[in-house]
Amino acid sequence: MRKAATAISLALAFLLAAPLASESVVSHYRRWQAAKLLATVRGFHPGTTTEAQARAALKPFTRYEEISDQQREGIAVRQVYYQFYNSTEWSNSLAYHLRFLPLRITLPWTLFTVHLDFVDGFLAEIHITEMQQDQPGYPHPNSASVSILSTRLGPLPKSPFGPPPADFTGYAEHSQSTGGVDQKGNWTGFSCCHARFIEMDERATPVQFSQSLNFQLHCLTSFLRCKDDRQILP
């Protein structure tokens, strides 16, 4: 009996240690790659950077690259897309089957993405998002999203990320959250899922540009949740 109990304990310890070790290695590697990509994108300027220049700089990230050629309002748009998850499918599957355990054995689900839109041989728009699950079971994550566009290329086709506000003068920011209500529709004081959206073009100041790309990628590797959008993007 004692040997059987020891064997079961060792097997359980392995099942717990395996996803932790795997997630740590994978998440730190992907965070490193995401940081390199973010540093590369910081050097791009919509309306000025050509598609050839951007694609040459992005060659080290081709393994993460997805390309989609679209037609928007009759204009050809090439979208290049990158995404970095902080977990693996097998560790998520194992965590699901061990969900009866009173502790979390995987990192909080986190995703970092970069979309680049090219029109007529030029970089037209940059969209960067980092998001992390706030509350298990809630569909909306904590997130920060930044869209950078240019007025130099003239009117651009409508983006799936939505247009800038009507009074846009080069920089705009807005936030939203999900709140809890009771059966009477009264707020319970519970709130979660904080999201912030930033839009800017070449009229934004250097400080606004720098701060808007200061994503805190440590959220990809920490077991402590980034509790709101300000911890993702100060």
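Biologist: How many bridges join strand 4 to strand 5, and do these strands run parallel or antiparallel?

Modeller: Eight bridges join strand 4 to strand 5, and the two run antiparallel. Strands pair if DSSP finds at least two bridges between them, so eight satisfies the rule. One of the partnerships sets I128 against V146 in strand 5. Strands are DSSP runs of E of at least two residues and helices runs of H or I of at least four, numbered from the N terminus. This is a predicted model, in which local features need pLDDT of at least 70 and side-chain atom pairs count only at pLDDT 80 or more, while totals for chains, interfaces and linings use all residues. Residues are numbered from 1 along each chain as its sequence is written, and side-chain values use heavy atoms, with hydrogens and water left out.

Biologist: What makes strand 5 mostly covered?

Modeller: Eight of its eight residues are buried, meaning under 20% relative accessible area with a 1.4 Å probe and protein chains only (exposed is over 50%, partly exposed in between). In a regular strand, side chains alternate between the two faces of the sheet. Here N142, A144, V146 and I148 on one side are buried, as are S143, S145, S147 and L149 on the other.

Biologist: Why is the pair of Y64 and F84 called tilted?

Modeller: Rings of Phe, Tyr and Trp (its six-membered ring) pair if their centres lie within 6.5 Å; planes under 30 degrees apart are stacked, over 60 edge-to-face, and the rest tilted. The centres of Y64 and F84 are 4.6 Å apart and their planes stand at 45°, so the pair is tilted. Y64 lies in the loop between helix 2 and strand 1 and F84 in strand 2, so the pair ties together parts 20 residues apart in sequence.

Biologist: How do you know that Y64 and F84 count as buried?

Modeller: Y64 has 13% relative accessibility and therefore counts as buried; F84, at 1%, counts as buried too.

Biologist: What kind of aromatic pair do F112 and F215 form?

Modeller: The pair is edge-to-face, with 5.9 Å from centre to centre and 75° between the planes. F112 lies in strand 3 and F215 in the loop between helix 4 and helix 5, so parts 103 residues apart in sequence are tied together. Both F112 and F215 are buried.

Biologist: What places K36 over the face of W32?

Modeller: The rule asks for NZ of Lys or CZ of Arg within 6 Å of the ring centre and within 35 degrees of the ring normal. K36 lies over the face of W32 at 4.4 Å from the ring centre, so the distance limit is met.
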